[in-house]
Amino acid sequence: MITVIAILLFLILVPNIATAQKSTDYGAILQAEYQNNFYGNFDVNVKEDLRFDNNFSHYSRSKTTLGADYKFVRYGFKVGAGFDYINRYTGKHIFRSRYRFFVNASYKYVYRNWEFGYRTRFLTMYHDERTGYYNYEPEYNWRNRLSVSYQRRFSRFKYTVSGETYSVLNRDKQLQLNTLMFEGDVEYRLTRRQYLSVFIRDYRDIYIESDQIRTVYFGLAWRFKH
C-alpha cells in the first residue's frame, strides 16, 4: 500500500508539461486542531492554520476556525457549519482581515479497509472595509471534495488521497471553476486521542492572473480528539 501511495503522490506533484518551472511555488502549512464530542452526535472543533509561501520564506496567512457538526452515524452522513477568521499578508507590511462563514454536508462509505468520502461546502466571505480596497459585499464560493482512505485493521497508520474543486459565484451570477487541489496525507495515531499527519497539497489555478499558477505545500498537522 505504501508503494501505491508513493506513486499517487508522484503523479500529484509532477509538473504539467506546459508549466514553466518559474510558475510553481513551494510552501509550508502548520496545523493544530482540537475536537470535542459536545453532546450526543454533536461535535465542536477549533483549528489554527499557519501558511508560508514564496519557497518557504514568507508568512502568507493564518486561519482560525470554529465549527460544529452533527453526525447521522447510522447513515455515514454529517452536516455542519462554522466560521473562519483569516489574517493575510499582502506585502509591504500590510495585513488584511477576512471573515468567512460556511455550511457543509459530507458522506462516508466504509468497505473493509477502505473509506470513500465526499464533502460539499458553501462559503461566503467578507473583507475588511477599513483597508479601503474592499467593502462588505460578500463573495460566494462552492467546494467539492472526493477522498479515498486506506487503513489496515489495528494499524496506527491511515493513508488518504483526495481532490477538491474551488468554484466562485462571480458578479455575473455564473459559477466559475477557479482552482483544483490535490492532496496526499499520511496520519499516525500517537495515542488514543492524539494524531499526527504529514501531507502534501498541490493547488493549481484554472484562471491565470499572473505567472504564478501552481503552489505545492508540505504540511504537518497535530490533532487532539476528546
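## A cation over a ring

Let's start with Arg51, whose charged end is placed over the ring of Tyr217, 4.9 Å from the ring's centre. A charge is taken to sit over a ring if NZ of Lys or CZ of Arg is within 6 Å of the ring centre and within 35 degrees of the ring normal. Phe102 has a partner of this kind too: Arg121 lies over its face, at 4.2 Å from the ring centre.

Some ground rules before going on. This is a predicted model, so local features need pLDDT of at least 70 and side-chain atom pairs count only at pLDDT 80 or more, while totals for chains, interfaces and linings use all residues. Residues are numbered from 1 along each chain as its sequence is written, and side-chain values use heavy atoms, with hydrogens and water left out.

## The overall layout

The protein has 1 helix and 11 strands, and along the sequence they run α-β-β-β-β-β-β-β-β-β-β-β. These elements are DSSP runs numbered from the N terminus: helices are H or I with at least four residues, strands are E with at least two.

Of the 226 residues, 37% count as buried; here buried means under 20% relative accessible area, exposed means over 50%, and partly exposed is in between (1.4 Å probe, protein chains only). The accessible surface comes to about 14,400 Å², and 58% of that belongs to carbon and sulfur atoms. Those areas come from the Shrake-Rupley method with a 1.4 Å probe, and for residues only the protein chains shown count as cover. As for contacts (heavy atoms within 4.5 Å), take those between residues at least 6 apart in sequence: 44% of them join residues at least 24 apart.

## A nonpolar patch on the outside

Phe72, Tyr75, Phe77, Val79, Tyr107, Tyr109, Tyr111, Trp114 and Phe116 make up a nonpolar surface patch, with about 870 Å² of accessible area together. Two or more residues each come from strand S4 (77-91), strand S5 (94-111) and strand S6 (114-127), and S5 gives the largest share, with 3 residues. For the record, patches are built from residues with over 30% relative accessible area and no salt bridge, joining like charges within 9 Å and nonpolar side chains (Val, Leu, Ile, Met, Phe, Trp, Tyr) within 5 Å.

Val79 is the patch member to look at in S4: this valine is partly exposed, with a relative accessible area of 30%.

## Aromatic company

Searching the whole structure turns up 18 aromatic pairs. One of them is Trp222 with Phe224, a tilted pair at 6.3 Å centre to centre and 35 degrees between the planes. Rings of Phe, Tyr and Trp (its six-membered ring) pair if their centres lie within 6.5 Å, and planes under 30 degrees apart are stacked, over 60 edge-to-face and the rest tilted. Both partners are partly exposed: Trp222 at 35% relative accessibility, Phe224 at 21%.

There is also an aromatic cluster made of Phe42, Tyr70, Phe72 and Phe77. Phe72 and Phe77 turn up in the nonpolar patch as well.

## Salt bridges, buried and otherwise

The count comes to 9 salt bridges, each being a side-chain nitrogen of Lys or Arg within 4 Å of a carboxyl oxygen of Asp or Glu. Asp202 takes part in two that are worth a look: with Arg204 at 3.0 Å, N to O, and with Arg214, where the closest N and O atoms are 2.9 Å apart. The Arg214 pair links distant parts of the chain, strand S11 (residues 214-225) and strand S10, 12 residues apart. Arg214 is buried at 1% relative accessibility, and Asp202 is buried at 0%. Salt bridges with shared partners also join Lys108, Glu115 and Lys158 into one network.

Within that network, Glu115 and Lys108 have their closest N and O atoms 3.7 Å apart, and Lys108 is partly exposed at 45% relative accessible area.

## Ser197 and its surroundings

Ser197 also belongs to strand S10 (residues 194-205), and this serine is buried, with a relative accessible area of 9%. Leaving aside neighbours within four places in sequence, Ser197 touches Asp185, Val186, Glu187, Gly219, Leu220 and Ala221.

## Two positive phi values in one loop

Most residues other than glycine have a negative phi. Asn55 goes the other way, with a positive phi of about 55 degrees, and Phe56 has a positive phi near 70 degrees. Asn55 is in the loop between strand S2 (42-53) and strand S3 (58-72), and Phe56 is found in the loop between S2 and S3 too. Asn55 is partly exposed at 47% relative accessibility, and Phe56 is partly exposed at 45%.
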